[in-house]
Every structure is written in C-alpha cells, then in structure tokens.
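Colleague: I have a few questions about chain packing and backbone angles. Can we take them one by one?

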Protein chains: 2
Amino acid sequence: MSTPLRLGIAGLGTVGAGVVKIVRQKGNLLADRAGCPVTISAVSARDKDKDRGVTLSQYAWEDAPVALATRDDIDVYVELMGGADGPAKASVEAALKAGKDVVTANKAMLAHHGQMLAQLAEDHGAVLRFEAAVAGGIPVIKALTEGLAGNDMDRVMGVMNGTCNYILTRMQSAGLPYAEVFEEANQLGYLEADPTLDVGGIDAGHKLALLASVAFGTQVDFAAVELEGIERITIDDITQAADMGYRIKLLGVAQMSGRGLEQRMSPCLVPATSPLGQLEGGTNMVVLEGDQVEQVVLRGPGAGEGPTASAVMGDVMDIARGFRVSTFGVPAGSLSETTPAKTATPAPYYLRLSLEDKPGALAKLASVLGDAGVSIDRMRQYRHDAGAAPILIVTHKTTRDALDAAITGMDRLDVVKDAPVALRIETV
Amino acid sequence: MSTPLRLGIAGLGTVGAGVVKIVRQKGNLLADRAGCPVTISAVSARDKDKDRGVTLSQYAWEDAPVALATRDDIDVYVELMGGADGPAKASVEAALKAGKDVVTANKAMLAHHGQMLAQLAEDHGAVLRFEAAVAGGIPVIKALTEGLAGNDMDRVMGVMNGTCNYILTRMQSAGLPYAEVFEEANQLGYLEADPTLDVGGIDAGHKLALLASVAFGTQVDFAAVELEGIERITIDDITQAADMGYRIKLLGVAQMSGRGLEQRMSPCLVPATSPLGQLEGGTNMVVLEGDQVEQVVLRGPGAGEGPTASAVMGDVMDIARGFRVSTFGVPAGSLSETTPAKTATPAPYYLRLSLEDKPGALAKLASVLGDAGVSIDRMRQYRHDAGAAPILIVTHKTTRDALDAAITGMDRLDVVKDAPVALRIETV
C-alpha cells in the first residue's frame with residue numbers, strides 16, 4: 001500500500017468534526033477504496049479547548065490557518081471555516097501556492113474568487129475541489145464535471161437553500177404567514193447569523209454561480225445572478241399557486257441563451273406534480289439538462305454534519321486516488337467570460353397586486369398590460385379587503401422586459417397599491 | 001495538448017452510433033475537458049454496409065471484435081454489442097489481456113463474469129468501467145464509487161427497467177390489463193427479443209447485482225438475487241394499492257443485514273407520495289442510502305441513444321483524464337464473497353388471493369395466517385366473482401419466512417384457489 005494522504009483540517013464545526021470522525025472510524029474502508037491510507041496530520045480552529053465530541057489530541061494543532069495550510073506534513077488542505085475573504089481565502093491561497101491540494105465547502109469564497117483560485121491552483125499544479133459547497137451531500141459537481149462530460153449542457157436548475165424550502169413548505173402545510181414561519185426557523189437555528197443570506201437568496205445564488213460555471217465552462221460570475229428573495233411571498237401566493245396546481249420554490253436557473261448566460265435565483269412557480277414541486281422541507285434538488293442525457297435529477301440533504309462531511313470526503317478520496325481534474329471542469333484559462341444576459345427566455349408569469357376598489361380601476365390595469373404587450377391567461381379577484389382588492393393574474397408567455405414595462409406602468413397608476421409581486425412560472 | 005486517447009468501438013447500434021456522433025461533433029469540448037483529444041481509430045459491427053446515420057469511412061473496420069480489441073492503435077476498447085458471453089466476453093478479455101482499458105454497457109456480461117473480468121483488468125493494469133450498464137444516463141456508479149466513497153452504504157434501491165415501469169404506470173393510467181399493455185409495449189418496440197429479460201426482472205436483476213457489488217464491496221452475485229417478475233400483477237392489484245396510497249413498482253433492493261447480503265428484484269408497494277412512487281413511464285430512479293449522506297435519489301432516462309452514449313462518454317472522459325479506479329470501487333481481491341441472505345428484513349406485505357365462497361373459508365384462511373405468526377393489519381373482500389371472492393390482506397410487519405410458511409399453508413387449503421400474490425411493502 002502506498003504512502004498515506006495526509007490532511008490538514010481548518011475549521012472544526014459540525015462539518016469539520018464530521019470529517020475527523022469519518023477518517024478515524026473508517027480507516028480500512030477508505031484505504032481499500034483509495035489505494036492508500038487517509039490520515040490527519042494537523043488541525044486548526046478558533047478555540048482549542050472546546051469539546052467537539054471527537055479526540056484531536058494526536059493531531060498537531062495550529063492556531064493560524066495559514067500556518068496549517070503550508071505545513072510540510074500535509075498533502076491536502078481542507079478548508080471548512082467559511083467566509084468569502086479573511087483567513088479562509090488567505091489560507092487557501094497559501095496552500096495552493098505551496099502546491100497543496102485543497103478541498104473546501106466555501107461557496108462564498110468560490111463565488112467571489114473562484115476564477116483567481118482556479119488559476120492559482122493550476123499555476124502550482126494543485127487541485128481545488130468544492131463538492132460540499134453546492135447542494136450538501138448530493139455529488140452534483142462530480143455528476144456535471146465528470147459523469148456528464150460528454151454533454152453540452154442546456155440548463156441547470158436547483159432548489160439549494162434548505163431553509164427557504166423549509167419556510168415555503170411549512171407556510172403551505174401549516175397555513176402560517178411568512179413572518180411566523182421565519183421566526184420559527186430562527187428559533188430552530190435554521191437561519192444564518194445574517195438571515196438575508198438565506199431568505200434573500202444570496203447563499204443559493206453563490207451555489208448557482210458555481211453550478212453555472214461548471215455546466216457552461218464560463219468564469220464564475222456571481223455578480224450577474226439576478227437575485228430575488230422569498231421575503232415578499234405571502235400565504236395568499238402559496239394558496240393561490242396551489243389552487244392552480246403549482247408550488248412556489250426558491251429556484252435557481254442557469255441557461256445559455258442566444259444573448260448570453262442567464263442566471264437567476266428567485267421564487268418561481270413549478271408544477272406541483274414535478275420532482276421540484278414535490279420537494280419538501282430542507283431537502284435539496286438539482287436538475288441537470290444536457291443535449292445527450294436529456295434530464296437527470298438529483299435529490300438529497302443540503303446540509304448537516306454527515307451529508308456535508310460525505311461530500312468533503314468524496315473530494316478527498318478522489319485526490320487520494322490520484323484524480324486530477326480542473327476546478328471548474330476545464331483549465332482556468334479556457335473558462336470563457338460570460339456575457340451576462342438579463343432573463344430573456346420567455347415564460348408565463350404570476351402577478352399579484354392590490355387594486356383600489358373604484359370604477360375603472362381594472363380597465364386601467366388591463367390597458368397597462370396590453371400596452372406592454374403582455375396578454376392575460378387568467379385573472380381573478382380572490383377576496384375583498386377594505387378599499388382594495390387583491391388581484392391575481394397569470395400571463396401568457398412573455399419576456400421579462402415586457403413584464404417589467406407593464407410593472408413600471410402599474411407603478412404609475414394611482415389605483416395599484418404597492419409594487420406588484422411577479423413570479424416566473426418555470427417550465428420544468 | 002497531450003497525445004490523443006484512441007477508441008475502438010465494437011457494436012454500432014443506436015448507442016454505438018450515438019458515441020460516434022458525440023466524438024465527431026464535440027471534439028473541442030471533449031479535448032478541453034479531458035486535456036487531450038478523444039479520437040476513434042477503428043470500429044466493428046455485424047454489417048459493414050448498414051446506414052447508421054453517421055460517417056464511418058475514416059475509421060478502420062474490423063469484422064472480428066477480438067481483432068479490434070487488440071489493435072495497436074486503440075487505447076480504449078468500447079464494447080457495445082451486448083450478450084453475457086460470446087464475442088462480447090471474448091473481446092473484452094482480449095482487450096484487458098492486451099492492457100487496453102475497457103468501457104462497456106454490458107450488464108449481463110458483468111453480472112455473470114464481473115469478478116473474473118475485474119481481476120483480469122487489475123492483473124494487466126487496465127481499467128474496466130460500466131456506467132452505461134446501470135440506469136442508463138444516470139451517473140450512479142460514479143456517485144456510489146466516488147462521490148459517496150466516505151460512506152458505509154446501508155441500502156441501495158432502484159427502478160431500473162423502464163419497460164416494466166412503463167407497463168405498470170400505463171396499466172394504472174389507462175386502466176388496462178397487463179396482457180393488453182404488454183402487447184402495446186411489444187408493438188412500440190419496448191421489449192427485448194426475449195421479453196422475460198424485462199418483465200421477469202432479469203435485466204433489472206443484473207443491474208441490481210452490479211449496484212450491490214459497488215455499494216457493499218462484495219463480489220457480484222447475480223445468482224443470489226431473488227427474482228420475481230411483474231407478470232402476475234393485475235389491474236386489481238394496481239387499483240387496490242392506489243386506493244391505499246401505494247404504487248406498484250418493479251423495485252430492486254440490496255441491503256446488508258446481520259445474516260448477509262439481501263438482494264431482491266420484485267414488484268413492491270411504495271408510498272404514492274415518495275419519489276419512487278411518483279416515478280412514471282420509462283424513467284429510472286436509484287436511491288442510495290449511506291451512514292453519512294442519509295439518502296440521495298437520482299432520477300433520469302434509463303435507456304435511449306443519447307443518455308446511454310452520455311454514460312459511455314463519462315467513462316471514456318474519466319480514462320482520458322487519467323482516472324484509474326478499480327472496477328467495483330475496491331481491488332478485485334478485496335471484494336468479499338457474499339453470504340447470500342434470503343430476505344430477512346421484516347416488512348408488511350400485500351396479499352391477494354381468491355377464496356372459495358363457502359362457510360368457514362375465511363376462518364380457515366385466518367387460522368393459517370395466525371399459525372404462521374402473521375398478523376393482519378387490514379383485510380377486504382373487494383368484489384364477488386362466480387363461486388369465489390378476491391380477498392386482499394395487508395399484514396403487519398413480518399418476515400418473509402413467516403409469510404412463506406403462511407402461503408405454504410394456504411396452498412394446502414382447498415378453499416384458496418391458485419397461488420396467492422404476495423408483494424412486499426417497502427419502506428422508502
């Protein structure tokens with residue numbers, strides 16, 4: 001049996017502790033599968049004395065991640081601290097410059113610095129892998145980069161923030177308003193310290209930008225992701241959507257159109273009977289569409305100690321087996337600069353707005369839609385509030401530009417109160 | 001860019017032609033992803049003059065697959081002829097002995113000779129890969145062997161014969177009897193020349209045996225798969241199951257129990273709301289359960305030119321990238337001999353039988369069940385035929401042994417006509 005693959009692990013939260021447990025408990029299995037033993041040389045975390053439910057005494061301790069990352073006795077630097085910049089980025093850079101392979105779960109860092117880090121890895125003959133950064137335990141980066149390497153990808157989609165999917169499905173099943181379920185999720189510890197990362201779609205947007213890069217061979221371009229959170233979704237939206245056979249999901253979509261790369265992370269309506277529509281609670285799902293394979297759907301836990309550690313170990317085992325693959329599937333220099341395209345692919349949209357209860361109001365609304373070239377498939381006034389009526393419109397297929405023109409027109413109408421909620425009905 | 005990876009392709013049916021098309025049309029993409037060009041040196045098929053919708057004139061032609069497999073100008077032998085023995089096996093053996101890597105879609109060959117071929121590959125420093133043999137376009141072998149390499153697998157399950165799933169879902173949606181839908185599938189060309197391969201569960205059983213080997217590090221043991229086809233499923237079964245919130249699927253399950261490895265391919269009841277229950281038509285689904293990742297579900301096309309060629313190309317691209325992994329995930333010598341275990345994990349069962357319409361019949365039936373230790377959860381007589389009544393029983397959790405004892409007891413009863421149909425209700 002060949003020489004061991006030696007890990008240095010920075011960050012000993014649940015995922016880091018999970019990785020340590022796997023390496024300790026599955027020595028023979030890992031060695032048999034990898035062809036060499038997998039060992040840990042050194043670890044690093046903020047608090048040396050904290051009890052993490054796992055013995056660390058036989059590993060060297062480093063207070064500074066950069067010092068860990070460049071130790072002579074590690075082959076792979078496993079970065080599990082998180083944060084787009086700061087110690088995570090500094091230590092990953094140091095590791096790559098020292099020719100160490102890197103495994104990370106850090107979506108924010110890669111969404112912001114992916115291109116630079118991929119180039120750095122390549123320049124130093126190192127491998128940089130990040131399966132755990134996207135969709136938790138689902139081996140989706142591997143499926144895209146390797147399993148579907150014979151495909152030109154058409155579209156990738158994903159429900160990749162378990163907290164948002166929990167909130168949306170819980171609103172539906174319990175009939176509770178957003179604010180109440182948000183608070184519930186907060187109490188349960190499901191939300192990030194800055195909840196905007198979850199409910200604003202930022203965390204899921206990071207993941208989408210990484211998926212898009214791997215799928216289309218483009219440079220990671222998180223800034224171009226059209227981001228929209230779930231904060232404005234009401235129980236009414238969920239009920240009305242359900243009534244028409246849809247579910248509302250925070251859905252990421254990346255697709256290449258004639259105008260360039262579309263990337264959007266936004267609440268969408270999807271058919272209730274589709275795999276995406278049926279996805280409940282914290283589970284993640286990714287849909288991969290290629291010219292050869294048609295459609296492959298992957299479903300699994302998006303977070304948690306075991307699933308995330310499983311993804312980290314998948315990357316570690318590939319390195320142990322000697323697999324060397326470019327960070328985003330092709331050499332960093334081959335990744336094309338994207339032409340970011342504002343959503344151009346037409347779709348039907350769901351519109352909810354509050355219309356003042358006076359004569360001629362509906363006529364004004366209808367003519368704004370007509371002027372923008374948006375035609376109505378269904379319309380319903382589903383209740384009657386004091387002085388105003390909630391109106392729901394489903395449009396025929398239209399472009400986002402036409403829809404935005406209509407919404408701008410509505411903003412100018414005195415009879416439309418507040419900004420309308422517009423949700424795309426995605427064909428899945 | 002390094003030297004090209006040169007393929008020799010034997011078998012130019014839809015899948016073979018699909019692989020040729022991908023290599024011809026995606027030269028730049030494949031080279032960029034693999035780090036070297038992927039080319040075709042030579043091909044072989046039964047009929048040289050047949051029009052396959054793809055130009056072959058620039059490739060050398062070999063009439064004999066063995067001659068193709070050992071040519072000096074090929075690096076990878078792609079076997080797409082099929083058949084457990086004969087030219088497929090002879091040529092794969094020849095290729096491996098010549099140190100060529102092999103990619104195959106041949107489930108029957110691997111189910112019968114997997115251990116020998118894996119050993120042969122290893123002895124000659126060659127790689128033998130078979131992603132296309134299991135679940136078509138779904139990269140499930142890769143997910144198990146590599147992505148989930150940090151897991152001890154608990155159970156793998158799959159709906160892996162699209163024809164059977166088509167028949168069962170079509171019976172349900174159209175309310176048609178088995179024989180009629182079978183004939184329809186035959187007319188549509190969905191059935192193998194020997195339809196028993198499909199409806200008898202043999203084809204899906206081959207796939208399960210391969211999955212089990214990869215999941216549990218055991219030698220492929222197709223002979224130990226408990227096989228049961230869908231031939232006895234009636235429209236009554238489907239309707240009654242639906243009425244109780246279930247769907248009937250030809251489901252493969254492999255799990256390690258205290259007694260050994262259980263492998264069964266049989267029609268089962270699964271909850272209608274589960275991903276497996278929701279699977280319609282020819283689509284395949286595989287459920288992977290590991291101690292770390294919990295549950296990952298993969299869904300995609302199980303057959304067809306593009307999806308199968310996609311899986312073949314995934315293997316080819318891994319070889320082009322220099323990935324060397326053991327055929328079944330660990331060295332052939334490390335694969336353990338299984339202790340085949342007859343299904344021991346207890347489950348509730350669905351029983352349908354025809355009971356003679358005379359006094360005391362039900363009492364006799366109930367006492368046979370009681371004597372075997374099988375207790376009844378629900379029972380219903382759902383119709384009244386001439387002289388007999390169809391009876392449906394759902395048992396509480398019981399072992400297959402106890403159930404078989406009860407069925408043997410029923411065989412001896414003069415009031416039970418024909419052999420009862422017994423379907424496992426699988427927890428998914």
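Modeller: A residue counts as buried if 20 or more other C-beta atoms lie within 10 Å of its own, and as exposed if 12 or fewer do. Keep in mind that this is a predicted model.

Colleague: Is Ala135(B) buried or exposed?

Modeller: Ala135(B) sits in the loop between β6 (128-129) and α6 (140-147) of chain B. Its phi is near 60 degrees, a positive value in a residue other than glycine. The cut-off for burial is 20 or more neighbours. Ala135(B) has 32 C-beta neighbours inside 10 Å, so the residue counts as buried.

Colleague: And Asp418(B), buried or exposed?

Modeller: Asp418(B) belongs to strand β16 (residues 416-425) of chain B. Phi is positive here too, near 55 degrees. Exposure needs 12 or fewer neighbours. Asp418(B) has 12 other C-beta atoms within 10 Å, so the residue is exposed.

Colleague: Which term describes the angle of α7(B) to α8(B)?

Modeller: Helix α7 (residues 162-174) and helix α8 (residues 178-187) of chain B pack with their axes 9 Å apart. The angle is about 130 degrees. Angles over 145 count as roughly antiparallel, and 65 to 115 as roughly perpendicular. The angle fits neither range, so α7(B) to α8(B) is oblique.

Colleague: How many residues of the contact of α7(B) with α8(B) are nonpolar?

Modeller: α7(B) brings Thr163(B), Tyr166(B), Ile167(B), Arg170(B) and Met171(B). α8(B) brings Tyr178(B), Val181(B), Phe182(B) and Ala185(B). Of these residues 1 is polar, 1 is charged, and the nonpolar ones number 7.

Definitions and conventions:
Residues numbered from 1 in each chain as written. Chains lettered and ligands numbered in written order. Predicted model: local features only at pLDDT ≥ 70, side-chain atom pairs only at ≥ 80, totals over all residues. Axes fitted to C-alpha atoms, helices over the stretch in contact; angles between N-to-C directions. Helix = DSSP H or I, 4+ residues; strand = E, 2+ residues; numbered from the N terminus. Parallel < 35°, antiparallel > 145°, perpendicular 65-115°, else oblique. Contact = placed C-beta atoms within 7 Å. Nonpolar A, V, L, I, M, F, W, Y, C, P; charged D, E, K, R; others polar.
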